[in-house]
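Here are my notes on the model you sent. Please read them with the structure open.

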Amino acid sequence: MPIRRELRLTDNPILHHTSELLSKDRAPFTHLLPVYVFPARQVEICGFLSSEVVGKNQTGDITGASKSSTELESPYPPARSVVGQFPRCGPHRAKFWAESVWDFKSSLESIGSGLAIRVGRIDDILEDIINYYKAGKGNHAAGVKCEIVGVWITAEEGVAEKTDERNVFRVAGIKGVNVRVWKDEKFLVDDRDLPYMTPKAIPDTFSEFKKTIGSLRDAPRKALPPPDMLPPLPTRVPPQPEPFKVPDTLGGWILGLSKPLKENPVAMIAPEYPTGAKSQHTYHGGEAYALEHLENIISSGTVCAFRDPRAGPLGEDHNTKLAAWLALGCLTARQVHEYLIAFEEGKTQLGQCSKGYAEGENKGTAGIRTELLWRDYLRLCTRKYGCKLFRLEGFKGELNFQWKHADNEKVKQQVQNFIEGNTGNPIIDAVLREMYLTGYTSDRGRDVVAKYFAKQLGIDWRIGAEWFEYCLVDYDVSGFWGNWQYCAGVGNDPSWEVPSVKMEEVQEKYVRQWTAMESKEYH
Ligand SMILES: Cc1cc2nc3c(=O)[nH]c(=O)nc-3n(C[C@H](O)[C@H](O)[C@H](O)COP(=O)(O)OP(=O)(O)OC[C@H]3O[C@@H](n4cnc5c(N)ncnc54)[C@H](O)[C@@H]3O)c2cc1C
């Protein structure tokens with residue numbers, strides 16, 4: 001069972017179904033092997049190359065223990081972005097990701113199962129596992145013979161994710177193993193409750209989409225309970241295929257994922273962490289931490305103080321910070337919704353000392369639901385538009401803009417200044433530095449900087465986007481590219497106004513915090 005962005009026990013359809021089968025004694029299998037693969041195209045995995053297993057590289061040199069991981073040969077191309085050639089996953093997300101996977105492993109172990117964590121390509125790992133259990137085939141002379149009843153995997157919308165799915169079908173088909181694809185249920189409104197017969201029918205504006213949902217508070221299905229027990233792992237589990245060797249501690253995973261980033265820094269003059277600056281995102285990845293945070297924002301009253309993220313000053317702390325957990329599926333939107341319902345109706349004691357408890361839906365809780373619906377909508381846009389999500393001309397097919405490309409020194413320098421948070425615009429630089437140093441910046445900050453890059457600098461917006469992808473802890477394919485298209489004016493429902501962000505007192509504080517500037521320097 002290859003796990004994708006569903007790193008949780010609660011509200012997990014596959015685990016719920018398995019547990020039900022088990023409790024009714026109807027499981028057609030005795031063992032279950034959950035496998036998580038850190039995908040080579042999304043995150044750099046050369047930090048796990050093992051000198052012990054590498055013999056000669058393509059030029060015939062012996063690769064040995066004294067060589068750094070980046071000098072050894074990986075069978076996969078580097079995980080770099082298409083236009084800007086930045087590493088796709090930076091250190092903040094790499095750490096949060098490793099923590100989330102590790103937390104999921106511990107949760108599975110606590111109910112009698114476990115998790116094999118691997119690096120590479122999902123279909124390569126699957127092929128290796130099937131060979132192992134078909135004993136003696138492929139690399140596995142020491143394999144053990146057992147029957148594989150099937151492969152279960154959850155569907156995702158992204159183009160590359162769909163390709164992975166097709167590859168899983170291809171490999172399993174060749175080996176004569178059945179594949180079952182499950183619906184992705186980490187969103188607010190279930191696909192089965194939407195009125196669209198085909199992706200073409202999905203409306204082109206969020207307001208139209210919202211109308212078709214009706215009462216948002218009543219729309220989500222119930223979250224599924226966590227499984228009590230799962231079948232054990234097979235008695236023997238195939239190791240990570242060569243030339244990689246994977247660690248067996250969380251520290252080892254974080255080290256392996258961050259090593260290539262340290263060895264090849266992207267920003268030549270990286271901004272230093274200013275003394276006294278406070279990160280808005282200091283959280284730990286994983287389901288347990290997500291639930292604890294959700295409870296905290298309810299009991300502290302943050303959910304009632306939730307503000308429209310598109311308005312107000314930069315750096316203000318009036319939002320949920322749930323995005324990174326939602327993106328990896330440590331938590332589902334309908335779980336958030338259920339916690340909000342319990343608070344609004346006073347069903348549990350959580351938040352009982354907070355304003356708004358047991359007083360029904362309020363502006364803040366309604367606002368959070370609307371934002372979660374935006375997330376649903378952008379995912380449906382990915383379904384509708386496929387690879388247009390990543391195109392310069394966007395969903396709209398906008399061909400009239402004259403984008404500047406990084407094929408001359410002037411634009412190259414502008415891009416470099418952007419990466420280093422050194423554009424000369426104090427507000428833009430503060431947001432860029434906060435994002436680079438902490439992995440997070442508010443929606444307002446993202447919006448202002450994305451529009452600055454696309455509209456004010458007029459540079460191919462995908463380069464700015466790819467830099468954000470490297471920095472952000474909460475990168476999520478649809479939420480990310482959909483928002484960037486919107487900011488660049490090439491999405492459906494585009495916004496073309498360049499936001500004016502005035503240097504008010506609160507902004508000044510924010511800028512000073514992240515740029516360590518004296519206030520007189522930008523007056
Ligand atoms: C250029 C740009 C890039 C972005 N990239 C991402 C991304 O990679 N991943 C991501 O989850 N969001 C992205 N967003 C949307 C939004 O900025 C973040 O979801 C939000 O800032 C995360 O902080 P939060 O969890 O405190 O959100 P809150 O403001 O508390 O909102 C609650 C939840 O609603 C969802 N949400 C909120 N705003 C949006 C939105 N505009 N679009 C889609 N979902 C939304 C998120 O899941 C978020 O966790 C991007 C926005 C812009 C303008």
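1. A cut-off comes up repeatedly below. A residue counts as buried if 20 or more other C-beta atoms lie within 10 Å of its own. Bear in mind that this is a predicted model.

2. Start with Y475. Its C-beta has 24 others within 10 Å, so Y475 is buried. The residue is found in the loop between helix 14 (461–471) and helix 15. Leaving aside residues up to four places away in sequence, Y475 touches R93, A327, E469 and F480.

3. D476 sits in the loop between helix 14 and helix 15. Its count is 20 C-beta neighbours inside 10 Å, and D476 is therefore buried. That figure meets the cut-off of 20 or more.

4. What does the record say about this stretch? UniProt, in an unreviewed entry, places the feature "binding site" at D474, Y475 and D476. Treat this as an annotation that may be inferred rather than shown by experiment.

5. Now the ligand. It is surrounded by 29 residues. The closest are N319, T320, E371, D443 and F480. F480 is also one of the residues that Y475 touches.

6. Which helices supply at least two residues each to the shell around the ligand? They are helix 8 (323–328), helix 10 (363–385), helix 13 (443–456) and helix 15 (477–488). Helix 10 gives the most, with 6 residues. By type, the shell divides into 16 nonpolar, 5 polar and 8 charged residues.

7. Next, the domains. The chain is divided into domain 1 (1–54 + 73–185 + 248–266), domain 2 (287–390) and domain 3 (409–522). Why does the ligand lie between domain 2 and domain 3? Both domains give residues to the shell around the ligand, so the ligand lies between them.

8. Domain 2 and domain 3 also touch each other. The contact involves 17 residues of domain 2 and 21 residues of domain 3. On the domain 2 side, helix 8 and helix 10 are the elements that give two or more residues. Helix 10 brings the largest share of that side, 5 residues. The domain 2 side divides into 10 nonpolar, 4 polar and 3 charged residues. The centres of domain 2 and domain 3, taken over C-alpha atoms, are separated by 24 Å.

9. Helix 10 deserves a second look. It gives the most residues to the shell around the ligand. It also supplies the largest share of the side of domain 2 that touches domain 3.

10. Turn to the strands, beginning with strand 2 (residues 35–39). Of its 5 residues, 4 are buried, so strand 2 is largely enclosed by the rest of the structure. Strand 1 (residues 2–3) runs parallel to strand 2 and is joined to it by 2 bridges. There, P2 has V35 as its bridge partner in strand 2. Strand 3 (residues 116–120) also runs parallel to strand 2, through 5 bridges. Y36 stands opposite I117 in strand 3.

11. Strand 4 (residues 151–154) is covered on both faces. V151 and I153 are buried on one side, W152 and T154 on the other. Strand 4 pairs with strand 5 (residues 179–182) in the parallel sense, over 4 bridges. The bridge partner of T154 in strand 5 is W182.

Terms used: Residues are numbered from 1 along each chain as its sequence is written. This is a predicted model: local features need pLDDT of at least 70, side-chain atom pairs count only at pLDDT 80 or more; totals for chains, interfaces and linings use all residues. A residue is near a molecule or strand if its C-beta atom, placed from the backbone, lies within 6 Å of it. Ala, Val, Leu, Ile, Met, Phe, Trp, Tyr, Cys and Pro count as nonpolar, Asp, Glu, Lys and Arg as charged, and the others, Gly among them, as polar. Domain bounds come from an automatic or database domain assignment. A residue is buried if 20 or more other C-beta atoms lie within 10 Å of its own, exposed if 12 or fewer, and partly exposed in between; C-beta atoms are placed from the backbone. Two residues are in contact if their C-beta atoms, placed from the backbone, lie within 7 Å. Two strands pair if DSSP finds at least two bridges between them.
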